[in-house]
Amino acid sequence: MFSVESDFMPFDKEYQDECLLCRMINKKEPCDIVMESKKYLAIYYTVSRNIGHTLVFPKKHCKRYEEIQDKTSFYNFIDSVHNEIVCIYEPDSTSIKINNGSESGQLMSHICCHIIPHYKV
Ligand SMILES: [Zn+2]
């Protein structure tokens with residue numbers, strides 16, 4: 001079975017001072033930005049096998065889904081990013097998912113939403 005999580009390794013690096021996604025937010029680590037707002041950032045998940053796979057996350061560090069303050073604005077941002085990805089890559093279908101906790105497949109310490117385009121083979 002195909003596992004998106006098996007591709008996580010380069011994004012699984014942890015630092016003492018702040019997490020990898022916070023380092024990207026603070027421009028200490030390079031990333032490929034899809035869309036940015038005052039509160040949220042969307043970047044290409046460059047190690048994914050799915051072209052256009054994007055990570056969307058709050059700029060304020062949150063480990064768990066429950067810590068996200070304004071979910072309505074988060075979902076509005078996710079929706080804008082999803083529209084952009086669909087427009088650019090024209091996938092046959094998409095997955096929009098949030099892994100909340102290690103048992104669900106969350107490997108990074110910063111909560112994020114995956115937008116994963118899928119293509120007919
Ligand atoms: Zn963080």
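This is a selection-by-selection tour of a predicted model.

**Whole chain**

Start with the full chain, coloured by secondary structure. It holds two helices and five strands, and from the N terminus the order of elements is α-β-β-β-α-β-β. Of the 121 residues, 26% are buried. Turn on a contact map if the viewer has one: among contacts between residues at least 6 apart in sequence, 59% join residues at least 24 apart.

**The sheet**

Select the five strands next. They make an open sheet in the order β1-β2-β3-β5-β4, with antiparallel pairing. Strands β1 (33–36) and β4 (93–98) are the edges, each pairing on one side only. Ignoring direction, neighbouring strands of this sheet are turned by 15° against each other on average.

**β1 and β2**

Narrow the selection to β1 and β2. The two form a hairpin with three residues between them. Their pairing is antiparallel and runs over three bridges. To find one position in this ladder, pick Met-35, whose bridge partner in β2 is Ala-42.

Now hide β1 and keep β2. Is β2 enclosed or open to the outside? It is largely enclosed by the rest of the structure, because four of its five residues are buried.

**β2 to β3**

Add β3 to the view. Five bridges join β2 to β3, and the two strands run antiparallel. Tyr-40 is a convenient marker here, standing opposite Pro-58 in β3. Show the surroundings of Tyr-40 as well. Leaving out residues up to four places away in sequence, Tyr-40 touches Val-56, Phe-57, Pro-58, Lys-59, Phe-74 and Phe-77.

**β3 to β5**

Move across the sheet to the other side of β3. Strand β3 (residues 54–58) is joined by three bridges to strand β5 (residues 113–118), and this pair is also antiparallel. Which residue of β5 is the bridge partner of Val-56? Select Cys-113 to see the partner.

**The nonpolar core**

Clear the selection and pick the residues Tyr-40, Ala-42, Leu-55, Val-56, Phe-57, Val-81 and Cys-112. These have the most contacts inside the largest nonpolar core, which has 23 residues. At least two residues of this core come from each of α1, β2 (40–44), β3, α2 (71–89) and β5. Helix α2 gives the most, with five residues. As background, nonpolar side chains in soluble globular proteins tend to be buried together.

Two of the markers used earlier return here: Tyr-40 and Val-56 are both among the residues with the most contacts inside the core.

**Leu-21 in α1**

Finish at the N-terminal helix. Select Leu-21, which lies in helix α1 (residues 20–25). Why does Leu-21 count as buried? Leu-21 has 24 C-beta neighbours inside 10 Å, and 20 or more is the cut-off for a buried residue.

With neighbours within four places in sequence set aside, the contacts of Leu-21 are Phe-57, Met-108, His-110 and Cys-112. Of these, Phe-57 and Cys-112 were in the previous selection, as residues with the most contacts inside the largest core.

For a last check, draw a C-alpha to C-alpha distance from Leu-21 to Leu-55. The two residues are 34 apart in sequence, and the distance in space is 9.8 Å.

Conventions
Residues are numbered from 1 along each chain as its sequence is written. This is a predicted model: local features need pLDDT of at least 70, side-chain atom pairs count only at pLDDT 80 or more; totals for chains, interfaces and linings use all residues. A residue is buried if 20 or more other C-beta atoms lie within 10 Å of its own, exposed if 12 or fewer, and partly exposed in between; C-beta atoms are placed from the backbone. Two residues are in contact if their C-beta atoms, placed from the backbone, lie within 7 Å. Two strands pair if DSSP finds at least two bridges between them. Axes are lines fitted to C-alpha atoms, for helices over the stretch in contact, and angles run from 0 to 180 degrees between N-to-C directions. A nonpolar core is a set of buried Ala, Val, Leu, Ile, Met, Phe, Trp, Tyr and Cys residues joined through C-beta atoms within 7 Å.
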